[in-house]
Amino acid sequence: MRPILLSGHERSLNQIKFNRDGDLLFSVAKDKIVCAWWSANGERLGTYNGHQGAIWTVDVSPNTVILATGSADNTVRLWNIKTGECVKVWDFPTAVKRVAFSPDGSKLLAVTEKRMGFLGTIAVLDIAYGDNLNEQADEPSLRITCTESKATVAGWSFLAKYIIAGHEDGSVSQYDPKSGEQVENIQAHEFDHQINDLQFSPDRTHFITASKDKSAKLMSARNLAILKTYTSDTPLNTATITSKKDYVILGGGQAAMDVTTTSARQGKFEARFYHKVFEDEIGRVRGHFGPLNTIDIHPAGTAYASGGEDGYVRVHHFDKGYFDFMYEVEREQLRK
Amino acid sequence: MAPSFDTLSEQDLHEEEEEEVDFSDLKSQYEVKLEEGLDTFVVIDGLPIVPGESRQKLIKFLLRKLNSVGHTSEDAVFMPLTDKNMSEGFAFVEYETPEQAVAAVKQLNGVPLDKKHTLSVNKLMDIERYGREGRVEEDYKAPQVEPFKEKEHLRSWLGDANARDEFALYRGDKVGVFWNNKSNPPENVVDRAHWTQLFVQWSPKGTFLASVHPQGVQLWGGSSFSKQKQFPHPFVQLIEFSPLEGYLTTWSARPIQVEEGQPILTYEEDGKNIIVWDIESGKPLRSFVSHDLAAGPPAEGDVQPKKKVQWPAFKWSADEKYVARMLQGQSISIYELPNMNLLGRTSVKIEGVSDIEWSPATVSREGIKQYEQLLCFWSPEIGSNPARVAMMSVPSKEIVRTRNLFNVSDVKLHWQSQGAYICVKVDRHSKSKKSMATNLEIFRVRDKGVPVEVVDSLKDTVINFSWEPNGSRFVVITTGEAAAGAAVLPKTAVSFFAPEKKGSTAGNFKLVRTIEKKTSNGIYWSPKGRFVVVATVHSQSSFDMDFWDMDFEGEKAEGEKDLAANLQLLKTVEHYGVTDIDWDPTGRYVVSSASVWTHSMENGWNMHTFFGNTLSENPTDKFKQFSWRPRPATLLSKEEQKQVRKNLREYSKEFDEEDRYAVDIANTAVVETRKRVLNEWLAWIRREKELMAEEKDAFGLPEDADTAKAAHDAPPAGEDQGETVVEEMVEEIIEETEEVIG
């Protein structure tokens with residue numbers, strides 16, 4: 001599994017995202033530019049310029065028409081993917097830490113930071129795909145305010161039935177995207193251990209959370225039941241659920257600020273593969289020389305990409321061995 | 001609730017008071033404050049009864065004693081007379097300050113005045129408080145006998161059906177005791193948060209687990225690890241058990257301050273650092289002020305180096321009938337147990353004495369019939385006198401063997417575990433003091449006249465030496481001169497020594513082999529001998545552990561034919577940042593651990609077999625201490641042990657069968673759970689799909705509600721396009737040449 005090394009950013013990566021077809025990969029970093037790459041060979045397609053601060057988050061509309069980004073310059077921007085022009089800017093009072101399109105692409109949620117007296121919020125924006133992409137609503141259609149602990153990450157469940165958010169205090173909550181009311185809140189991770197990532201399975205019935213408490217949890221989107229727990233020996237920044245095979249990939253490493261004080265050996269900068277059902281660790285992929293900040297899986301399950309504090313994106317196309325690997329009980333199940 | 005020392009002692013010490021609320025003690029406390037003016041008074045009892053005329057004479061005589069601890073005068077001594085003009089045998093004395101009065105009580109109480117009379121000195125307030133009418137009951141009341149309570153068996157762990165061993169694990173603020181299950185995860189016995197404050201320590205035969213708290217030492221034992229004994233030495237820092245678990249020595253850098261109302265400690269202990277406790281009764285036997293070891297001469301420009309604490313301060317003879325302490329450079333004090341009296345009432349004066357070691361076992365020297373324990377000590381060169389290593393027989397205090405040595409820098413005494421040999425490691429300097437060399441002088445204690453054999457083939461300094469337990473082989477690690485201030489460790493060499501084969505007795509010690517260019521610094525023998533781990537510990541850059549077999553069952557090298565050893569490296573294992581290596585008491589397993597006490601990188605412990613197979617790796621956050629529970633000596637006689645060894649094959653067959661069975665069971669269990677987990681998962685997914693379909697129906701959503709509207713210019717979807725092949729043209733310039741034509 002030889003990785004393709006994408007070196008286009010000058011600072012640490014914050015999020016990477018494949019589009020639904022899997023042919024494009026978008027990456028955002030602290031260096032204010034958005035990069036688009038061909039996932040097959042790692043060639044850079046272009047950049048989207050305009051943000052004035054570190055970009056925390058990126059998402060692609062399901063039809064690969066619009067790209068949404070959220071940044072420390074307190075804006076959410078929409079970009080025409082094809083032309084590279086910025087079609088809409090929404091201003092918020094604080095930095096935007098996470099954006100996510102609803103499954104059908106008609107809505108976009110934006111998680112804003114709690115700072116300078118403003119509470120953390122989750123704003124829902126309606127997205128129009130008309131002939132002129134500039135025609136977007138100016139105001140969010142809904143604002144959810146997180147009074148207890150600020151949301152750090154959020155996403156949409158199946159049928160856009162719930163908005164599910166992970167919080168700074170290690171809890172996960174479920175909101176109704178129509179009324180904005182909190183339906184459920186569960187202390188999924190250890191108290192006061194921030195949830196750093198939340199990604200859904202392809203059918204959006206379950207999702208995985210990655211937390212500073214060194215564990216990742218697989219949870220049901222319907223009732224927030226904890227289905228599986230994956231424990232590691234290092235704080236986790238990101239986790240993703242693979243399609244095609246029943247694995248999850250976790251990434252993390254010692255907190256960036258502590259890295260220089262210890263040896264590289266200590267850092268544990270590896271992508272860890274766990275079996276989704278059996279919770280066993282089955283493999284690790286090394287390569288980054290800083291903590292892994294973000295991992296995304298190719299929608300077809302044939303490749304994954306990781307972005308690290310070291311400023312590199314590594315795209316790995318899986319080998320045959322990856323697809324062939326199976327537990328004996330799985331093989332039996334298959335034969336039936 | 002964590003069983004901290006605090007809560008335990010509360011319960012224990014105040015149990016009676018909780019039962020009936022008695023305010024009289026509070027009242028008396030209140031009264032004492034009013035009487036503060038009497039603080040300077042003491043009452044002296046036990047004086048001779050003299051007629052009134054000689055009273056002044058007696059007072060004058062007494063004053064000499066009284067003024068030795070404080071200031072008082074003739075006027076301040078009041079000795080009442082009876083009607084018959086006779087003194088009553090007591091006197092009241094007023095000192096200048098309350099401190100002097102306390103000093104008088106402390107120092108004069110129990111002091112003989114003459115042959116017939118012994119002073120007993122008490123504070124006037126104490127007599128008021130404890131001896132006042134009504135305080136002492138007139139009628140004798142028989143103390144209530146507590147009903148018999150069965151205690152837990154202190155050696156229950158030895159009865160384990162699979163003869164497993166236990167170990168204590170201290171990580172974070174939790175201490176747990178576990179059964180070792182080979183490669184399977186250990187089975188927990190107890191796990192308690194805040195069980196100890198500093199560290200835990202097993203007693204030498206494994207009966208007790210000691211925890212160390214600012215309030216003192218607590219011993220735990222029995223199958224549930226219940227509270228056994230308590231030794232309230234405030235701010236205790238170091239503890240040491242006697243070899244047969246009869247006594248405990250505790251040390252604290254802070255001198256003890258005895259407060260009133262302390263039930264166990266008395267004024268005897270005030271100002272002392274070391275207490276020797278009787279474990280059975282839980283009472284202090286005797287207490288001492290610690291001697292500091294003289295620090296080396298301060299290097300130029302350096303501040304005076306810190307004084308080192310001498311630990312273990314008290315060294316026990318093998319049968320714990322004697323305990324010895326050295327006052328560095330001056331004398332050795334030997335105390336007799338169980339009453340802790342100084343043997344022969346005097347210390348043995350030995351000029352320059354630098355170290356002492358008891359024989360770890362009771363040895364019988366040839367031709368010596370009476371009981372003796374052997375104590376070995378050495379003193380450096382003083383003036384023109386040579387340095388001296390000597391062996392003393394106790395209780396006779398007779399020196400039975402001495403050896404003079406010259407040009408000595410340092411000496412270390414290493415007894416073999418059975419006391420058959422003592423190896424004296426002598427670091428010698430040349431006359432110019434520029435180069436160093438080491439001699440090993442081995443005393444054969446059991447042979448007639450205790451002959452000495454010198455092994456002086458070592459040019460370099462020996463940094464570590466270790467005897468094979470119950471054997472006659474040893475391993476030394478030598479190192480060349482270390483470049484001052486160099487970051488890299490100097491290379492070391494590991495040498496194995498064995499005696500020549502010579503009938504039943506061991507012949508001369510010969511070098512078996514030297515392994516050069518190592519970094520090793522630690523030698524860890526299996527407690528049963530034969531196997532030894534030589535490792536690099538506490539190092540930043542190397543962390544290898546070599547597992548050696550001294551009796552390898554295979555071809556022997558030609559040159560080593562006549563030696564009682566066949567050396568073979570079994571395996572080399574690495575454990576990053578290893579700080580400690582511990583053999584289990586049966587010599588079957590080795591645990592290497594990296595403790596947070598030394599560094600905070602990859603803390604945890606790994607379990608290996610005696611031949612270096614790693615069974616498990618256990619990275620543990622904030623791992624501090626790993627400690628195997630020791631076992632008492634075997635009860636089998638030598639013949640029975642031999643019998644077991646002979647029939648080892650038979651036994652091992654049985655155990656192999658058991659092991660195989662256990663593995664089979666475990667494997668089936670794993671497969672079963674996996675099947676169950678997988679089926680549960682598949683069922684969950686199926687149910688979710690159904691629910692989702694139902695919801696779609698209910699909301700009247702189309703089948704493709706979650707699919708986005710395609711982009712305007714997207715290729716028509718619908719037909720399955722299958723795999724797309726991306727063809728990529730890569731042009732590469734292989735060569736470029738420029739030619740000028742014409």
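Trainee: What makes strand β1 and strand β3 of chain B a pair, and in which sense do they pair?

Mentor: Good place to start, and please keep in mind that this is a predicted model. Strand β1 (residues 41-45) and strand β3 (residues 91-94) of chain B are joined by four bridges and pair in the antiparallel sense. A pair needs at least two bridges, so β1(B) and β3(B) count as paired with their four bridges. Within this pairing, Phe41(B) stands opposite Glu94(B).

Trainee: Which strand pairs with β1(B) over four bridges, besides what you just described?

Mentor: That is strand β4 (residues 120-123) of chain B, again in the antiparallel sense. Here Asp45(B) has Ser120(B) as its bridge partner.

Trainee: Why are β7 and β43 of chain B said to stand at the edges of their sheet?

Mentor: Look at the order of this open sheet of four strands, which is β7-β6-β5-β43 in chain B, with antiparallel pairing. β7 (187-193) and β43 (623-628) each have a single partner strand, so one side of each is left without a neighbour in the sheet. Neighbouring strands here are turned by 15° against each other on average, direction ignored.

Trainee: How do you know that β5(B) is paired with β43(B)?

Mentor: Count the bridges: strand β5 (residues 166-171) of chain B has five of them to β43(B), and the two run antiparallel. Five bridges satisfy the requirement of at least two, so the strands are paired. Arg171(B) is opposite Phe623(B) of β43(B).

Trainee: What makes β23 and β26 of chain B edge strands?

Mentor: They belong to an open sheet of four strands in the order β23-β24-β25-β26, with antiparallel pairing. Both β23 (355-358) and β26 (398-405) pair on one side only. Between β25 (residues 387-394) and β26(B) there are seven antiparallel bridges, and Ala390(B) is the bridge partner of Thr402(B).

Trainee: Why is the peptide bond from Val394(B) to Pro395(B) worth pointing out?

Mentor: This bond is cis, with omega near 15°. Most residues other than glycine have a negative phi, and most peptide bonds are trans. Pro395(B) lies in the loop between β25 and β26 of chain B. A cis bond also runs from Leu337(B) to Pro338(B), with omega near 5°, and Pro338(B) sits in the loop between β20 (331-336) and β21 (341-342) of chain B.

Trainee: What is the phi of His194(B), and where does this residue lie?

Mentor: His194(B) has a positive phi of about 55° although it is not a glycine. Its place is the loop between β7 and β8 (200-202) of chain B.

Trainee: Why is His194(B) called partly exposed?

Mentor: His194(B) has 17 other C-beta atoms within 10 Å. Buried needs 20 or more and exposed needs 12 or fewer, so a count of 17 falls in between and His194(B) is partly exposed.

Trainee: How do you know whether Arg530(B) is buried, exposed or partly exposed?

Mentor: Use the same cut-offs: Arg530(B) has 19 other C-beta atoms within 10 Å, which is under the 20 needed for buried and over the 12 allowed for exposed, so Arg530(B) is partly exposed. Arg530(B) is in the loop between β35 (522-525) and β36 (531-535) of chain B, and its phi is positive, near 70°.

Trainee: Which residues have the most contacts inside the largest nonpolar core?

Mentor: They are Val532(B) and Val533(B), in a core of 106 residues. Leaving aside neighbours within four places in sequence, Val532(B) is in contact with residues including Val475(B), Trp525(B), Trp548(B) and Met550(B). A second, separate core of 89 residues includes Leu13(A) and Cys35(A).

Trainee: Why are α3(A) and α8(B) called oblique to each other?

Mentor: The axes of helix α3 (residues 328-335) of chain A and helix α8 (residues 648-699) of chain B cross at roughly 50° and come within 9 Å. Roughly parallel means under 35 degrees and roughly perpendicular means 65 to 115, so an angle of roughly 50° fits neither, and the helices are oblique. Their crossing is right-handed. Val329(A), Glu330(A) and Gln333(A) meet Val671(B), Arg674(B), Lys675(B) and Leu678(B) there.

Notes: Residues are numbered from 1 along each chain as its sequence is written. Chains are lettered from A and ligands numbered from 1 in the order in which they are written. This is a predicted model: local features need pLDDT of at least 70, side-chain atom pairs count only at pLDDT 80 or more; totals for chains, interfaces and linings use all residues. Axes are lines fitted to C-alpha atoms, for helices over the stretch in contact, and angles run from 0 to 180 degrees between N-to-C directions. A nonpolar core is a set of buried Ala, Val, Leu, Ile, Met, Phe, Trp, Tyr and Cys residues joined through C-beta atoms within 7 Å. Two residues are in contact if their C-beta atoms, placed from the backbone, lie within 7 Å. Angles under 35 degrees count as roughly parallel, over 145 as roughly antiparallel, 65 to 115 as roughly perpendicular and the rest as oblique. A crossing is left-handed if the near helix is turned anticlockwise from the far one by less than a right angle, and right-handed if clockwise.
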